[in-house]
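Have the model open in your viewer and keep the selection box handy. We will go from stop to stop, and at each one you will hear what to pick and what to look for.

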Amino acid sequence: MVKYYEDNYCRELDTAIREVLHEGDNTYIRLADTIFYAQGGGQKSDRGIIIMDGKEYRMLKSVKDENGDPVHLTDIPDPLPGQQVHLVLDWDFRYLQMKLHTCLHIMHLLIEEQIGHEIENPLVADIEETFAYNKYPNAVVSGVDMGQVERNMNELFAQDIEVTTYENENDAHYRYWKCREDVIPCGGIHVHHLNEIGNIRLSSHAKKGKMTVKVELV
Ligand SMILES: [Zn+2]
């Protein structure tokens, strides 16, 4: 298991370069272990720096390789397997992503709760710098009182409710998110307790038959 799943609050890590991959002018490194979350599931790649021999380099992007394992785009001039590195995560950015991403799961579940049955997954679930949103076909969420969903979300986020994640026992690349009795397949990273999120604000707008529901932290 990679460190960002094992302990997603880990901000710094000593590790080593395991493999160097060249793709055109880009250099990617695979690390023995990593705290840099690889982009996916609407959650952005982590940002951070890599310190090697006392020098600071940039971790420009963390992506999944063809097997779903994380590799990192870096500006280290000539990285070599075996070199020791120290990773430093841009924690403020990551923590906000963890909160917003967790918000989207809860929002979806509370919309379902209000409607009284399961609904299809959003057409788009994305996280920007300071907000996140789900986009649904209008018909799926028509009649939902978003003000009530917002109040219900804030009620939950005022409580110390645990969030856990775990991997599929047959395929470690396939993971689940669990909160209360709800389980959602998800390989993202989340806060461990809902009260870390604090207060949120919802807003929604409909366009071309689709409804975008946006969540911001306040
Ligand atoms: Zn998730």
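**A charge over a ring**

Start by selecting K214 and F131: the charged end of K214 sits over the ring of F131, 4.5 Å from its centre. Keep in mind throughout that this is a predicted model. For another pair of this kind, pick R47 and F93, where the charged end of R47 sits over the ring of F93, 3.8 Å from its centre.

**The sheet**

Next, colour strands 7, 8, 13 and 12. In that order, these four strands form an open sheet with antiparallel pairing. Which strands stand at the edges? They are strand 7 (124-127) and strand 12 (200-207); each has a single partner strand, so one side of each is left without a neighbour in the sheet. Look along the sheet for its twist, which averages 15° from one strand to the next.

Zoom in on strand 7 and strand 8 (residues 131-137), an antiparallel couple joined by four bridges. To find one of the partners, select D126 and Y133: Y133, in strand 8, is the bridge partner of D126.

**Helices on the sheet**

Now show helix 2, residues 91-115. Helix 2 packs on the sheet and touches strand 7, strand 8, strand 12 and strand 13 (210-217). Its direction makes about 30° with that of strand 8. Then add helix 4 (residues 146-157), which lies across strand 12 and strand 13 and runs at about 155° to strand 12.

**Aromatic rings**

Switch on the aromatic side chains; the model has eight aromatic pairs. Go to W91 and Y95, whose ring centres are 5.0 Å apart with the planes at 20°. Planes under 30 degrees apart count as stacked, so this pair is stacked. Why are W91 and Y95 about one helical turn apart? Because they are four residues apart in helix 2. W91 counts as buried, at 11% relative accessibility.

For an aromatic cluster, select Y4, Y5 and Y37, which form one together.

**Last stop: V71**

Finally, centre the view on V71, which lies in strand 5 (residues 70-74). Is V71 buried or exposed? With a relative accessible area of 4%, V71 is buried. Draw a distance from V71 to V20: the two are 51 residues apart along the chain, and their C-alpha atoms are separated by 9.2 Å. To see the surroundings of V71, leave aside its neighbours within four places in sequence and select its contacts L21, Y28, I29, R30, K61, S62, V63 and D65.

Technical notes. Residues are numbered from 1 along each chain as its sequence is written. This is a predicted model: local features need pLDDT of at least 70, side-chain atom pairs count only at pLDDT 80 or more; totals for chains, interfaces and linings use all residues. Side-chain values use heavy atoms; hydrogens and water are left out. Two strands pair if DSSP finds at least two bridges between them. Helices (H or I, at least four residues) and strands (E, at least two) are DSSP runs, numbered from the N terminus. Axes are lines fitted to C-alpha atoms, for helices over the stretch in contact, and angles run from 0 to 180 degrees between N-to-C directions. Contact means heavy atoms within 4.5 Å. Rings of Phe, Tyr and Trp (its six-membered ring) pair if their centres lie within 6.5 Å; planes under 30 degrees apart count as stacked, over 60 as edge-to-face and the rest as tilted. Buried means under 20% relative accessible area, exposed over 50%, partly exposed in between (1.4 Å probe, protein chains only). A charge sits over a ring if NZ of Lys or CZ of Arg is within 6 Å of the ring centre and within 35 degrees of the ring normal.
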